[in-house]
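Load the model and keep the selection panel open. The stops below go from the ligand outward to the domains.

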Amino acid sequence: MGLDTTIAKLHGRQVWDSRGRPTVEVDLWLSDGSLGRGVAPAGASRGSAEAVDLRDGGSALGGFGVRNALSLLNGEIAKNLQGKHFTNQAELDQELIELDGTPNKSRLGGNSLIATSLAFAQAQAAHQQQPLWQSLCTSTPAHLPLPEIQLFGGGAHAAGRIDIQDFMLIAVGAQTFGEALEWTAEVYRTAGELLRESGLLAGVADEGGWWPQFSSNEEALEWSVRAIEAAGFKPGQDLAISLDVAASEFGQSGSYRLSRDQRVLNRVEMLELLKNWLKHYPIISLEDPLAEDDDWKAVIPALGSSVQVIGDDLLVTNASRVQQAATHQSCNALLVKPNQAGTLTETKAALDAAHAAGWQAVVSARSGETEDVAIVHLAVGWGAAQLKVGSFSRSERMAKWNEALRIGEALGSTQLPPKDWFPWHQQNV
Ligand code: PGA
Ligand code: ZN
């Protein structure tokens, strides 16, 4: 539905994210009084081609201050948008892109731009008297996305305690979203109890997953299987494992330093290691198996096509990068992070490019989050098959799982996407 309203007022403020760092929040009013609010999340393992957040630098607040970003937001951006009329999201986002004028949003800041873009989408939904997911829907959605939920945190989210960043669960056997959450809750709780008993629990990592003191990366896989079984489920059939290797964090120029394992691997050896893990553990999805600067053409030939290969740092939610990767068959799924792109229109274009290539899209939060739940609305409204918002603790994560339950009620269905959307799972059972 088009929008025929004017932006009456835009106000940016500093709020705080889940790591206690400042971030940018935008309130945007339309002339009819409709209010939309958007907040910028923040990544810790960022792709080098992501939209750049504008931070103050220096020593205050660890350099993460957003004073400069806010003065541009409440000055230049507000001045340019207030009193202007945009018929749709694409027009507003185009204005933001042109106003910024850089290829990576570094002048006005990707943080300010995504918060503004989201605030406009929320205001548009408010104007239409619809929740965001519904105002974005072009066809009737029939499902909630399949959740990918972190069990153990590592990498940049746990001070490098283990090299691999995310060990996640996908409840492939669950019939409904609610059942997927219940099964995951049981495994999460069981894993915590077992780790505590073994003296291996160091707390929770940035996305709420257990922060374990494992002595090797593979131990996290053994423990994932152990926890699934101890909670009374069948690994691979009820719940499978998904990894975000986040290899750009420990790999460069084709060389991968696994500090926990005291090994340095080349690309072929890195893929061999992952292939070996695929053979021995019920892993159905691998995100960033290689670093962003490596040759991803080697991935699917080495690992086979029965595993989901997700591009995050490689693709940075960018439509032309997706098209290029599709040509080379470098991946078969896209991680969709709106603040990597900097506007909702560019985010949606990347998601559409993934769907056009026959890939799936995994809509994802960041490791630095707030109570904002817009990401869940985007996943449902855009018809993404999967959703990743971290683990099963910490309210900035739980708020999002809970919002999906509420949206499911509004949809009248908590059904997950049909099983044949997940061929990589079918081939593994
Ligand atoms: P982030 O990483 O720390 O950059 O948000 C999350 C992810 O890679 O999925
Ligand atoms: Zn990632």
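A cavity here is a set of points on a 1 Å grid over the protein atoms alone, where a 1.4 Å probe fits but cannot get out. The model is predicted.

**Stop 1: the ligand.** Select ligand 1. The space that ligand 1 takes is the second largest cavity.

**Stop 2: the shell.** Now select the residues around ligand 1, taking those with a heavy atom within 4 Å of it. The selection should hold 14 residues, and the closest are Ala44, His157, Arg366, Ser367 and Lys388. Colour the shell by residue class: two are nonpolar, five polar and seven charged.

**Stop 3: polar contacts.** Which atoms of the protein should be picked against the oxygen atoms of ligand 1? Start with serine 367, where a polar side-chain atom is 2.5 Å from a ligand 1 oxygen. Go on to histidine 157, which places a polar side-chain atom 2.7 Å from an oxygen atom of ligand 1. For serine 45, show the backbone, since a backbone N or O atom lies 2.9 Å from an oxygen of ligand 1. Then turn on the surface: ligand 1 taken alone exposes 280 Å², and the protein buries 100% of that.

**Stop 4: the domains.** Colour domain 1 (7–129) and domain 2 (146–421), as the domain assignment gives them. The contact takes 29 residues from domain 1 and 28 residues from domain 2. The domain centres, taken over C-alpha atoms, are 27 Å apart.

Why does ligand 1 lie between domain 1 and domain 2? Both domains give residues to its shell, so ligand 1 is placed between them.

Conventions:
Residues are numbered from 1 along each chain as its sequence is written. Chains are lettered from A and ligands numbered from 1 in the order in which they are written. This is a predicted model: local features need pLDDT of at least 70, side-chain atom pairs count only at pLDDT 80 or more; totals for chains, interfaces and linings use all residues. Side-chain values use heavy atoms; hydrogens and water are left out. A polar contact is a pair of N or O atoms within 3.5 Å; within protein, one must be able to donate a hydrogen and the other to accept it, and residues adjacent in sequence count only if both atoms are side-chain atoms. Accessible areas come from the Shrake-Rupley method with a 1.4 Å probe; for residues, only the protein chains shown count as cover. On a 1 Å grid over the protein atoms alone, a cavity is a set of points where a 1.4 Å probe fits but cannot get out, and a pocket is an open set with protein on both sides within 12 Å along at least five of seven lines; lining residues have an atom within 4 Å of a point. A molecule sits in a cavity or pocket if more than half of its atoms lie within 2 Å of its grid points. Ala, Val, Leu, Ile, Met, Phe, Trp, Tyr, Cys and Pro count as nonpolar, Asp, Glu, Lys and Arg as charged, and the others, Gly among them, as polar. Domain bounds come from an automatic or database domain assignment. Contact means heavy atoms within 4.5 Å.
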